[in-house]
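Thanks, everyone, for making the time. I would like to walk through one model, and I will give the criteria as I go.

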Amino acid sequence: MKRLIFILSIIPLGLWAQESPWQFQGYLKYLGSYSHLNANFYPESLRPGLKVDNYDQLIHNRLDLKYYKGHWSGALSMRNRLFQGASPAQGDAFMDALDTDAGLVDLSFLYWRSDEVLLHSIFDRAWFQYEFKNGNIRLGRQRINWGINTIFNPNDILNQYNFFDFDYEERPGTDAVRMQWFPNFDSQLELALAPAKEIAQSTAALRYRNNALTYDLQGIAGYFKDNLTLGAGWAGNIWDLGFKGELNYYWPLNDLQQEAWIFSSGLDYVLSNGLYISAGYLYNQSAPQQGGIGDFSQLGAGQVLSPKNPFIFQHTAIVNSNYAFNPLFNGSFTLMYSPDAHSTIIFPSLSYSLSTNLDLLLAGQFFLSDNPIENNNWQWLVSATYLRLKWSF
């Protein structure tokens with residue numbers, strides 16, 4: 001397997017002519033980050049040994065190999081990442097989280113580890129597909145995206161993602177077999193099965209999509225890790241406002257779990273000057289009624305929550321905006337608020353295209369909450385800033 005990884009890494013781009021059924025592309029990124037932790041959230045006895053300033057550097061390479069010919073197609077994609085700084089210095093906790101492959105087949109490889117450096121690769125796409133009349137069947141590690149809403153997607157029972165992991169645009173895949181059938185132009189029937197090493201932890205579901213009364217509608221029924229689940233989603237308009245929503249219900253098949261309703265909905269609008277604005281709400285019955293500040297740690301890069309528990313708070317309001325200052329310069333701003341400890345997350349970003357294949361990104365993530373150490377005063381807990389340079393090929 002390591003020999004295959006090496007071969008993929010040195011393939012000359014010139015081998016992939018336009019008339020070839022093979023396509024090869026990828027990117028190389030550098031991401032530098034700095035985070036600062038507010039020591040006032042910790043008891044005074046713990047503050048002397050607390051590391052409040054943390055620096056990380058990440059070199060991230062992605063390789064995508066695709067094949068299209070006749071009825072057949074396929075893809076093989078991998079991420080190669082070199083970590084240096086505070087994250088690898090965490091030791092086994094960071095290494096174990098990084099080198100864990102949630103799929104049926106372990107395609108994660110940790111090559112080199114030192115006190116502050118880690119080199120890791122993982123295949124996140126490895127599938128082939130056969131096209132037939134009015135449908136297709138795909139087998140392997142793939143992304144099965146059933147979400148409709150802008151940020152939180154309860155209907156995504158096979159492929160949840162972490163909104164704050166902005167450096168992973170492709171999002172995780174899952175080891176599954178998926179069949180799609182298109183009876184007509186407006187409707188689609190999709191069946192997906194994602195087996196697990198423990199049968200009870202498998203996922204299998206059926207989705208039906210159609211259009212009615214100018215709305216795109218979908219219904220989902222299936223099995224998710226020892227739960228039966230039913231879901232629905234919609235996308236349409238109320239006057240000039242876009243209106244989207246998703247809902248899922250989980251009925252546990254054992255006494256160790258509880259039932260759960262997960263609901264998200266939102267409105268969006270584009271102003272005449274091109275400014276995009278959206279506002280939404282998430283209800284997550286599985287989250288604790290009083291989320292703690294320690295729950296913010298579950299939003300770190302590389303971590304993905306369960307579709308039955310997609311966020312750390314029960315109630316979350318979201319406002320998001322995007323604006324293109326010019327064709328090369330874009331900005332975005334996201335604000336999330338939960339009444340649980342008045343928890344607030346601010347996520348701004350600016351991106352600039354330096355050339356056809358070279359992009360620069362500046363982003364920040366700021367977490368605020370009531371401080372139980374200081375009479376529940378509302379304070380910032382941690383702030384993080386990121387600078388990324390991306391070269392695509």
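I will take the strands, then the aromatic rings, and then the enclosed spaces.

A word on the basis of all this: what you see is a predicted model, in which local features need pLDDT of at least 70 and side-chain atom pairs count only at pLDDT 80 or more, while totals for chains, interfaces and linings use all residues. Residues are numbered from 1 along each chain as its sequence is written, and side-chain values use heavy atoms, with hydrogens and water left out.

Let me begin with the strands, which, like helices, are DSSP runs numbered from the N terminus (E, at least two residues, for strands; H or I, at least four, for helices). Two strands are called paired if DSSP finds at least two bridges between them. Strand β4, residues 108-113, runs antiparallel to strand β5, residues 117-132, and five bridges join them. The connection from β4 to β5 is a hairpin through three residues, and within this pairing W112 faces L119 of β5.

From β5 we can carry on to β6, with which β5 pairs in the antiparallel sense over seven bridges. Here the hairpin has two residues between the strands, and N134 in the turn has a positive phi of about 65 degrees. Y130 stands opposite I137 in β6. Strand β6 itself, residues 135-142, is mostly covered, since six of its eight residues are buried, where buried means under 20% relative accessible area, exposed means over 50%, and partly exposed lies in between, with a 1.4 Å probe and protein chains only.

On which strand does β6 find a partner over eight bridges? That is β7, residues 174-181, again in the antiparallel sense, and there R138 stands opposite R178.

R138 also brings us to the rings, as its charged end sits over the ring of W127, 3.6 Å from the centre. The criterion for such a contact is that NZ of Lys or CZ of Arg is within 6 Å of the ring centre and within 35 degrees of the ring normal. A further example is R79, which lies over the face of Y168 at 3.6 Å from the ring centre.

Turning to rings with rings, how many aromatic pairs does a search of the whole structure find? It finds 23, counting rings of Phe, Tyr and Trp (its six-membered ring) whose centres lie within 6.5 Å, with planes under 30 degrees apart called stacked, over 60 edge-to-face, and the rest tilted. One of them is Y34 with Y55, a tilted pair at 4.9 Å centre to centre and 35 degrees between the planes. This pair links distant parts of the chain, with Y34 in strand β1 (residues 22-37) and Y55 in strand β2 (residues 53-69), 21 residues apart. Y34 is partly exposed at a relative accessible area of 28%, whereas Y55, at 55%, counts as exposed.

Another pair is Y323 with F325, edge-to-face at 5.0 Å centre to centre and 85 degrees between the planes. Y323 is partly exposed at 26% relative accessibility, and F325 is partly exposed at 45%. There is also a cluster linked by ring pairs, made up of F152, F163, F164, F166, F311, F313, F347, F367 and Y386.

Now to the enclosed spaces. Rolling a probe the size of a water molecule over the atoms shows where empty space is left. Here a cavity is a set of points, on a 1 Å grid over the protein atoms alone, where a 1.4 Å probe fits but cannot get out, and lining residues have an atom within 4 Å of a point. Grid points are joined across faces, edges and corners, and a volume is the space filled by probe spheres set on the points. The count comes to two cavities of 30 Å³ or more.

The largest has a volume of about 160 Å³. It is lined by 15 residues, of which F152, Y161, N162, F163 and P310 lie nearest its centre.

The second largest cavity holds about 120 Å³ of space, and of the 15 residues that line it, N149, T150, G266, A279 and G280 are the closest to its centre. The largest share of this lining, five residues, comes from β13. To close, S278 lies in strand β14 and counts as buried at 6% relative accessibility; the C-alpha atoms of S278 and T150 are separated by 8.3 Å, although the two residues are 128 apart along the chain.

Terms used
On a 1 Å grid over the protein atoms alone, a cavity is a set of points where a 1.4 Å probe fits but cannot get out, and a pocket is an open set with protein on both sides within 12 Å along at least five of seven lines; lining residues have an atom within 4 Å of a point.
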